[in-house]
Amino acid sequence: MEKDTKAFQRVYTKLSQLTKATVSLNAKGIGYDELAIVDGRLAQVVKIMGDIVTLQIFGGTEGIATNAEVIFAGKSPTLKVGEDLAGRFFNAYGEPIEGGEIMGDEREIGGPSVNPVRRKQPSEFIPTGIAGIDLNNALVTGQKIPFFADPDQPYNQVMAMVALRAKADKIILAGMGLTRDDYLYFKNVFDNAGALDRIVGFINTTEDPPVERLLVPDMALSAAEYFAVEKNEKVLVLLTDMTLYSDALSIVSNRMDQIPSKDSMPGSLYSDLARLYEKAVQFPDGGSITIIAVTTLSGGDITHAVPDNTGYITEGQLFLRKDSDIGKVIVDPFRSLSRLKQLVIGKKTREDHPQVMNAAVRLYADAANAKTKQENGFDLTDYDERSLEFAKEYSSKLLAIDVNIETDQMLETAYGLFGKYFKPAEVGIRQEFVDKYWKNNK
Amino acid sequence: MNTIGNVTGIIANLVIVETEGTTAQNEICFIKHGDTRLMAEVIKVVGNKSYIQVFESTRGLKIGTEVEFMGHMLEVTLGPGILSKNFDGLQNDLNKMDGVFLKRGEYTDPLDMDKKYEFKPLAKEGDKVEAGSWLGEVRENWIPHKIMVPFKFKGGYTVKSLKKKGEYTPDEAIAVLIDSDGKEHKVTMVQKWPVKVPIRAYKDKPRPFKIMETGIRVMDTLNPMAEGGTGFIPGPFGSGKTVLQHNLSKNAEADLVVIAACGERANEVVEIFTEFPELEDPRSGRKLMERTTIIANTSNMPVAAREASVYTAMTISEYYRAMGLKVLLLADSTSRWAQALREMSNRMEELPGPDGFPMDLSAIIANFYARAGFVYLPDGESGSITFIGTVSPAGGNLKEPVTESTKKVARCFYALSQQRADSKRYPAIDPIESYSKYLEYPEIAEYLNKNISENWTESVLKAKDILLRGKEAYEQINILGDDGVPVDYHIRYWKSELIDFVILQQDAFDKVDASSSLERQDYMLRKTLEVTDFDFSFESFEDVGPYFKRMINALKQMNYSEFDSDKFKKNEKELEAILKEQEKEKVKEEAQ
């Protein structure tokens, strides 16, 4: 961001109010959402009442004095976009972390929404090789979907894996409150895969002020829109972690004396999150923005305001869970859901995909019931025993995140397991598919 | 002369305007921001300050900017050409907008004023008419679109002259009316109406007395929706609300479907844009899009227009109802609308009600639901609006204010259960929690027994009873263990599972199973009850499940086959063969 003062810019030096995140002063002719530099720190107008302008300071107000210098920029936050972005990492203000300049056009971030009638229905399958995703929760370009995971789960690793296998033209990483370790991890993984020239990163680490995070997703999505609209590229945006982003929202709303709604989050949380996630889009000209996000949970609680609102906005969610029976992390088939999968499964994949998927999950549910029975000390029926055996193998051969196979192979594996443990009537899929694909191993 | 004011305060999309002139609650105004005009609505007036909510982003707006008050409330334009359009919440035609991105301050005409319509007069000179009387009709797609006396006209009028049969554009005067004072009024095909005010151009609004077929078994059979009735679908995310609503819009027996996509995902609207022009209406054989109108305020579109979007959709529905049509109005989701109210109430620093929602939320919801209904029109014809809204309860908790307020006013409750969704039992409508008050209406019961089959309601109650008893038996089995209960409990449980799998569950993505005719529903219910009426006997509880699963499989294959086809009959025979095995068992037992 430009910090040098231009001759015609008006400079103010008298602050009338200071809080932990905002300052107020008397100023005239200021536009809403306008940027300013307060004592060298970036700030944005969040409220104007008559002559009193309230600014939110992204870096926090520590040490700012009432006579601090305030310079208004006369514009909203912007990002310079161009091919030059590729292969580089930026801070929350869109400045290269390694230093240097960016050549490109200046764009306002947080721009307008796509007209819904100008969107195209997503229809391109994104294979990841992970059966817990491809078989049960297939991803589609233009989709937005978060991982719901507890902080101790390897969501960043899985996300990096998905990103690399997804064959995207550009991968845009938006790190909010990312630990420095994870930031370096992402950098290494992409580097080792030789994909660094396809990556653009906007990083706010835990070392940076939390309110700065609020700029990160808009920066990343503006870059994504540039590549998707102007270059017709398939862009994959990784947002991690949206819970920390929401925390920053609540800090700001708290400082502005707004009445908090559920879980101390601002009442506008739904709209704030939707504005970002809805940038996911499939354009008719082939460009697309797909968003994979992370929402960390506390103790698996999805009724908390952040995962709850997210669930209503995104097109499904992916749940990671450690399966103690096989000692691996799996994609939970019950709680995970990809809403757009219907657009590709059985259409872009084999015809029987939907039925196989549903049948396997239903049998896995039967196994869960059998397990409850077993834990309560009741006798198991023959069917219970078989479904428990099935569940174990299903979990390790298909649900585990270390699986990396083609979709057809996933279906074959499923039939293998069906045939090994069940009769066709117990599986309940359409007769014509049974005739065509069923494998009798028994 | 319109009132002019100046901006004195800005907090996000709440703007405070100081003016010396007159302003009114809910009055529309425009902020002259550079070359663009931003539309806004007055939501509070204190002294000479008007608080307005702007329907657009306020980025860059400055203190002192001029604001013009328009002297009317938010209005929609009613006339031929609404059908099959994609509007935003303020009735701008989205297809007429340029570019990929929505531009701030771009407003487009909802109708096509250059298009000529073939007009046919229905009234004649000298006729006494009133608001809502039919003067003539034009053809809109396949619908005989009535040209009515504008709803704003009060009292009685006499038709002075009427255009002859011929082609006219919507803005040409087609009639001249004389009021009681002898003053002349020109009438075109187009009229305007404020969205927040119900259109009351009808004679009578009786209790609903017939059902609206939806093709969804768990609704039609177990919890029927009445024509002109109201219902709501609350459910946690991922429980299939939207799939259910889309399925309703595809299969419901309605002349017209108005969909208010209120604060939901853009891709869901795109799905309608993409699929409806291709899909056929199972009843008329026409393309679904021909009967569908979409009001889209997706979650990334301006929040303030969200509230407007549901009212716009309701007003359009009322307009078509006044033409004697059966309208189905779907709103997904009313919670987003309530949240929009909350955001604004918060910015205005009002004292919050429960969960931060405004205190009058309950009254707002009740008033809105009350606008639906079956009506008799002035000339004896009838029309209806059936309204089904979804509710997205925070955290899936049905004790939150939006769900509770809605439950008080909606007559049908379709509770979506997370548990059913988790085990992929779709549609995930909970058979025990859900209800339709209409089933208790004697006029509806009579209608059902007359139009579907004798003793229909009795059969439905019986099926519900089996489901409840099955659930109880299942709980007992879970507490006492499989062998801790009599075999009879297992039979009871599996009977309810049979109804669950065959009647309740329905594959919305299967070509055949997606929609089931009433005739077919009647057949399947009777078939299922035939099975559950059977007096089964098993030696061990272990035999019950596998046996029932075979019957369920046969019945499910019937659901997947065209009604009365060879495949259907083949599967039915299979079922009978399975039942025969039990009969043989019985004979054996008795012989011993």
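Author: The radius of gyration is taken here over C-alpha atoms, and the globule rule is 2.2 Å times the number of residues to the power 0.38. The structure to which this rule is applied is a predicted model.

Reader: What makes the radius of gyration of chain B agree with that of a compact globule?

Author: Chain B has 592 residues, for which the rule gives a radius near 25 Å; the value for chain B is 28 Å, and therefore the two are said to agree. Along its principal axes, the C-alpha trace of chain B spans about 100 × 55 × 45 Å. The chain contains 14 helices and 25 strands.

Reader: How many of the residues in chain B are buried, and how are its contacts distributed along the sequence?

Author: Buried residues account for 52% of the 592 residues in chain B. Of the contacts in chain B between residues at least 6 apart in sequence, 68% join residues at least 24 apart.

Reader: Why is B:Glu404 called partly exposed?

Author: A buried residue needs 20 or more other C-beta atoms within 10 Å of its own, and an exposed one has 12 or fewer. B:Glu404 has 17 C-beta neighbours inside 10 Å, so it counts as partly exposed. This residue belongs to helix H7 of chain B, which covers residues 401–409. From B:Glu404 to B:Ala40 the separation is 364 residues in sequence and 30 Å in space, C-alpha to C-alpha.

Reader: Which domains are assigned to chain B, and what is known of the contact between domain 3 and domain 4 of chain B?

Author: The assignment divides chain B into domain 1 (4–73), domain 2 (117–192), domain 3 (217–439) and domain 4 (456–591). The centres of domain 3 and domain 4 of chain B, taken over C-alpha atoms, are separated by 33 Å. In the contact, 15 residues of domain 3 of chain B meet 19 residues of domain 4 of chain B. On the domain 3 side, helix H1 (217–222) and helix H2 (241–251) of chain B each supply at least two residues. H1(B) gives the most to that side, with five residues. By class, the residues on the domain 3 side are nine nonpolar, three polar and three charged.

Reader: Which domains does chain A have, and what separates the centres of its domain 1 and domain 3?

Author: The assignment for chain A gives domain 1 (11–72), domain 2 (86–343) and domain 3 (353–437). Between the centres of domain 1 and domain 3 of chain A, taken over C-alpha atoms, there are 61 Å.

Reader: How many residues of each chain take part in the contact between chain A and chain B?

Author: The contact takes 62 residues from chain B and 59 residues from chain A. On the side of chain B, the elements giving two or more residues are strand E1 (4–11), helix H3 (266–275), helix H5 (334–347) and helix H13 (544–560). That side of chain B has 21 nonpolar, 24 polar and 17 charged residues.

Reader: How do you know that strand E5 of chain A and E1(B) pair?

Author: Two strands pair if at least two bridges are found between them. Strand E5 of chain A (residues 41–49) and E1(B) have two bridges, in the antiparallel sense; the requirement is therefore met. A:Ile48 has B:Ile10 in E1(B) as its bridge partner.

Reader: What makes E10 and E16 of chain B edge strands?

Author: The open sheet has four strands in the order E10-E13-E15-E16 (chain B), with antiparallel pairing. Strand E10 (128–129) and strand E16 (184–187) of chain B each pair on one side only, and these are the edge strands. Strand E13 (residues 157–162) and E15(B) pair over five bridges, and B:Leu162 stands opposite B:Ala175 in E15(B). Strand E15 (residues 175–179) and E16(B) pair over four bridges. Here B:Ala175 stands opposite B:Val187, while B:Val176 has B:Lys186 as its bridge partner. The hairpin of E15(B) and E16(B) has four residues between the strands, and within it B:Gly182 takes a positive phi near 85°.

Reader: Which residues touch the most other members of the largest nonpolar core?

Author: This core has 309 residues, and A:Ile172, A:Ala223, A:Val237, A:Leu238 and B:Leu329 touch the most other members. Apart from its neighbours within four places in sequence, A:Ala223 is in contact with A:Leu79, A:Val81, A:Leu85, A:Ile172 and A:Val200.

Technical notes: Residues are numbered from 1 along each chain as its sequence is written. Chains are lettered from A and ligands numbered from 1 in the order in which they are written. This is a predicted model: local features need pLDDT of at least 70, side-chain atom pairs count only at pLDDT 80 or more; totals for chains, interfaces and linings use all residues. Two residues are in contact if their C-beta atoms, placed from the backbone, lie within 7 Å. Ala, Val, Leu, Ile, Met, Phe, Trp, Tyr, Cys and Pro count as nonpolar, Asp, Glu, Lys and Arg as charged, and the others, Gly among them, as polar. Domain bounds come from an automatic or database domain assignment. A nonpolar core is a set of buried Ala, Val, Leu, Ile, Met, Phe, Trp, Tyr and Cys residues joined through C-beta atoms within 7 Å.
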